[in-house]
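Open the model in your viewer and keep the selection box handy. We will go from stop to stop, with something to select at each one.

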Amino acid sequence: MKTVKASGIGQAINRIEGRLKVTGMAKYASEFPVENVVYAQGVTSTIAKGKIKSIDTTEAKNQKGVIEVITHKNAEKLKSFEEERPAFTLTSVVPLLQDKEIHYYGQYIACVVAETFEQAQYACRLIKVTYEEDKPEIHLDKHRNKTYKPTKSADYSRGNMDSGMAEASLTVEETYTTPIEHQHPMELHAAITSWENGKVKMYASQQILDQAKTSISDTFMIPKENVQIIASYLGGGFGSKLNVHGHITLGTLASKMVGRPVQITVTRQQMFTNTGMRQFNEQKMRLGATKDGALTALAHHTLSHTATNLQYYESCGNVSKMLYKTPNNEVTHRLIPLNIQCPNSMRAPGEATGSFALESAMDEMAWKLKMDPIEFRIKNDTQVDLGADKPFSSRLLKECLRIGADKFGWEKRKMQPGANQNGNWLIGYGVSAASRRAPYRKTSAKVIVELKGEKALATIQMDATDIGTGTYTILTQTASEYLDIPVENITVEIGDSNFPVTPGSGGSWGAASYSNGVRVACQNIFKELKQKAGNSNSADTSINALLKANKLDKYEVIGTAEPSEEFKKHSVFSFGANFTEVWVDKDTGIYRIHRMVNVGSAGKIINPKTSYSQIIGGLTMGAGMVIAEQTQVEPNYGNFITRSLADYHVPVNLDMANIDVVFLPEEDKIANEMGVKGIGELGITSVAASITNAIFNATGKRMRHLPVTPEKLITAEVEPGV
C-alpha cells in the first residue's frame, strides 16, 4: 500500500507562493517591467442616459506628456454587438468609444494616453463634454411594465403549483430582497498591453485566460492565436475578473494607436461603475407543506435589473429546483432594463442570494409547523436531483446538519423567540442548508520532468490562475502525490495563455479540474516512460529510474482530464450546513455574531489549510451580506452614492465570530477520479439566512430585506403569533 507523504494530497502545507507575496516579489498585472511603457486612463460619463453632444479634447492634448486622447471620433472600429441587448458572457465582445450613446453613469467616453500616470489623470480632467441628456431609468419599481424574460431563460416547472398549494396544510408566501453589491478585490483591475506584428501580449488581471482571449480577439477581429495573456498572480476577483471589461479594450486600443506598450489601471471609484456588481434581486417565495412537514409545493420567482445594452441575471432559483424533495415546483427569472452598468457574477452568483430567500422561507415554514428547522430539512431530504432528474453523485446534507448541530450545541436552542437572554442581550440560534454545484471541466496540463544528478525535478504548466485560493499549492501537492517526489522538487508555472488550456478560476470548478489535469499528465509520464523502457507492467518504478532506463535527462507530456460518462449521468454538488449564534441588544438593535459553525461535504480535501481559508472568506462575505454590504444608487442621476471603501462597508475582524469549520470525509469518485469537489462558493451559500434566522430566534422579528441594520431591526415589528 502506498504511504501518504507529508507533502502530498490531504496535507495542510503552507502556501507555496506565500513568501513571494508577503515579501512583495509576486508580480501582479501592473507590476511587470515593460520597456517604453506609457499610461492610459479612462474618462467616464457624468450622466446615465443620453448622447454626447460635443467633446473638446484640445486642452487635454496640449498638456505636457500627453500622447493621445481617444474618443468616438478617432477610435478604431471594433466588432459591434450582433443583437440588441445580448447576454454578457465570458466571451462577449467589448466595443467601446464606437458611438455617442450613453447607457449608464460612469460609462467610458474617452481615454487619455500619457508618459506618466499623473499626466494622464490630470489631462482627463481637462476634457470638456456636453450632453443631450435624457431622464434615466434607474428605479425598478417605476419600470415594472418593461419586465421581460431573459433570452436564455432558466424558467422551470414540475408538477402543478396550484394543486400543491391546495394540498398544503400550511403555506408561506413572502418576498425577500438583496441589494446591489460590489466585488472589491484588493488588487485593482489593471493591464499592460502591447502590440507587435499584429499580435497582442498583455499582463492582465483575468480569472479565465482562454475565454478572455476569445473576447479580445473577437473584439479586435484578429486570430485568437494572436493574443497572449499573462496573469501570474491575481489579488482577488470574487467573479469581477471573470469577464473582459472595458479597461482591457481601452488599453489594447490605446496601445495599437500609439504604437507603445500601455498600462491602464481602473481606479477604486471606477470599479464601482465599470467592473461589474451583484444585481438587486427581489425574490418571491411560495411554500406549501403538510402538518407533518412534507413539502407539497415550492415556487421561487426572481425579478432583477440588467443594463439597457447588455443582459445578465443571477439564477437565484436554481437552488430551489434541487435542494428539497418537492413534487410541485416552479422557478422563474425576469429582468427590467435600467440605466445602470451591467451586473455580472459575484461569488456564488444565484446561490448566495437565492439561498437567502429559500432558507429564510424554510425557516418560516418550520416555525409555522412548530417543527425543529433541522428536522424539517431532513424530512424533505432527497438523494435525487428532481430539477435535473438525476441521482446525486453523493449527498451528505443530513450528515452535515446533524454533525453541525452536535458541534454547535443546537440542543441549547429554544423554539420560542426571545427565550434565551443574557442581561440586555437576546440570544438566537439559526441554521441553514447549503448546496453549490461542483463542476468538473475539461483541463489540460503539461508536466516536464528532468534529472539533476540523483534528484528528479518536475515543472507543471497550465493556463490556470490563482486568485488567492491556493492553486499553486494544491497543484504542487497533486504533482508530488502522483510523481512521488517531494514538493520542494516541483515548480508550478501557471497564468500564461500559451500554456495548456484549463477552464480558469471561477464557478468552484478550479480545484477539481486543475488537479485532475495534473493527475492525468503525471500518469501519462509513467505510462510513456515505462513503454519506452519496455517495463510497462511494473507498478513500482520511480521517475528517476525510468529516466535513467530510457537514457533521458528530460521528458515532457501533456495530459487532459475530462468528465466521465458517469459524471454526466449524475448531479454533482457540494453540500453544507451553517449554524450561527447571534446576540441582539433589545434596546438599540445592535447585534453581534457570537459564533459560527460550518460543516461541509466537498469531496476529498487536497489541502485543509487553504480550504479552511476559503470557507472563512465565504463566511465573511455571507456575513457582509447581512451586516452592511449594499451599493446605493443616487435616485435622481443614477450614479452610486457609495463609491469608495470608506462608505461601502465590509466585515472586519471585530464583526466576525469564533468560527469552526468541519470537513466531512468524502471521496466522490463519480465527481472525478480524485474525488475532489469545489468549495470556494459553498462557503458563502446560505450564510446570510443562518444569521437572519438566528435574529428571528432572538427577537421574533423576520428580516427579509438585506442588509439588516440596527435601525431596521429596532423598528421592525415582532411577527404575529410570536
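**Stop 1: the second largest pocket**

In this predicted model, the second largest pocket holds about 650 Å³ of space. To centre your view there, select Phe-81, Pro-95, Leu-96, His-103 and Asn-309, which lie nearest the centre of this pocket among its 33 lining residues. Next, colour β4 (101-102), β5 (108-114) and α7 (268-274): each of them supplies at least two residues of the lining of the second largest pocket. If you colour the lining of this pocket by class, you should find 16 nonpolar, 12 polar and five charged residues.

**Stop 2: α9 against α17**

Now select residues 351-369, which form helix α9, together with residues 687-699, which form helix α17. Their axes come within 8 Å and cross at roughly 30 degrees. Since angles under 35 degrees count as roughly parallel, α9 and α17 are therefore roughly parallel to each other. The crossing of α9 with α17 is right-handed.

Which residues make the contact between α9 and α17? On the α9 side, show Ser-355, Phe-356, Glu-359, Ser-360, Asp-363 and Trp-367 as sticks. On the α17 side, add Ala-688, Ala-689, Thr-692, Asn-693 and Phe-696. By class, the contact of α9 with α17 has five nonpolar, four polar and two charged residues.

**Stop 3: two cavities**

Leave α9 and α17 on display, and turn on a cavity view if your program has one. How many cavities of 30 Å³ or more does the structure hold? The count is two.

Begin with the largest cavity, whose volume is about 60 Å³. Select Asp-363, Ala-366, Trp-367, Met-371, Pro-373, Arg-413, Met-415, Phe-696 and Arg-702 to see its lining. Asp-363, Trp-367 and Phe-696 may look familiar, as they also take part in the contact of α9 with α17. Helix α9 gives the most to the lining of the largest cavity, with three residues. Here the lining has six nonpolar and three charged residues, with no polar ones.

Move on to the second largest cavity, with a volume of about 50 Å³. The selection for its lining is Tyr-176, Ser-360, Glu-364, Thr-692, Asn-693, Arg-702, Met-703 and Arg-704. Both α9 and α17 appear again, each supplying at least two residues of this lining. The lining of the second largest cavity divides into two nonpolar, three polar and three charged residues. Keep Arg-702 highlighted for a moment: this residue lines the largest cavity and also the second largest cavity.

**Stop 4: a cis peptide bond after α17**

Follow the chain onward to Leu-706 and Pro-707, which are joined by a cis peptide bond with omega of about -5 degrees. Pro-707 lies in the loop between α17 and α18 (710-715).

**Stop 5: α12 against α13**

Clear the selection and pick residues 471-483 for helix α12 and residues 510-533 for helix α13. These two helices pack at an angle of about 30 degrees, with their axes 9 Å apart. By the cut-off of 35 degrees, α12 and α13 are therefore roughly parallel to each other. Their crossing is right-handed.

For the side chains, start in α12 with Thr-471, Ile-474, Leu-475, Thr-478, Ala-479, Tyr-482 and Leu-483. They meet Ala-511, Tyr-514, Ser-515, Val-518, Arg-519, Cys-522, Gln-523 and Phe-526 in α13. The contact of α12 with α13 comprises 10 nonpolar residues, four polar ones and one charged residue.

**Stop 6: α5 against α6**

Select residues 209-220 for helix α5 and residues 246-258 for helix α6. What is the angle at which they pack? It is about 50 degrees, with the axes 11 Å apart. That makes α5 oblique to α6. The crossing of α5 with α6 is right-handed.

To see the contact, show Ile-216, Thr-219 and Phe-220 of α5 with Ile-248, Thr-249, Thr-252 and Leu-253 of α6. This contact of α5 with α6 has four nonpolar and three polar residues, and no charged ones.

**Stop 7: a positive phi**

For the last stop, zoom in on Asn-36, in the loop between α1 (18-22) and β1 (38-44). Phi of Asn-36 is near 65 degrees, a positive value in a residue other than glycine.

Notes: Residues are numbered from 1 along each chain as its sequence is written. This is a predicted model: local features need pLDDT of at least 70, side-chain atom pairs count only at pLDDT 80 or more; totals for chains, interfaces and linings use all residues. Side-chain values use heavy atoms; hydrogens and water are left out. Axes are lines fitted to C-alpha atoms, for helices over the stretch in contact, and angles run from 0 to 180 degrees between N-to-C directions. Helices (H or I, at least four residues) and strands (E, at least two) are DSSP runs, numbered from the N terminus. Angles under 35 degrees count as roughly parallel, over 145 as roughly antiparallel, 65 to 115 as roughly perpendicular and the rest as oblique. A crossing is left-handed if the near helix is turned anticlockwise from the far one by less than a right angle, and right-handed if clockwise. Contact means heavy atoms within 4.5 Å. Ala, Val, Leu, Ile, Met, Phe, Trp, Tyr, Cys and Pro count as nonpolar, Asp, Glu, Lys and Arg as charged, and the others, Gly among them, as polar. On a 1 Å grid over the protein atoms alone, a cavity is a set of points where a 1.4 Å probe fits but cannot get out, and a pocket is an open set with protein on both sides within 12 Å along at least five of seven lines; lining residues have an atom within 4 Å of a point. Grid points are joined across faces, edges and corners, and a volume is the space filled by probe spheres set on the points.
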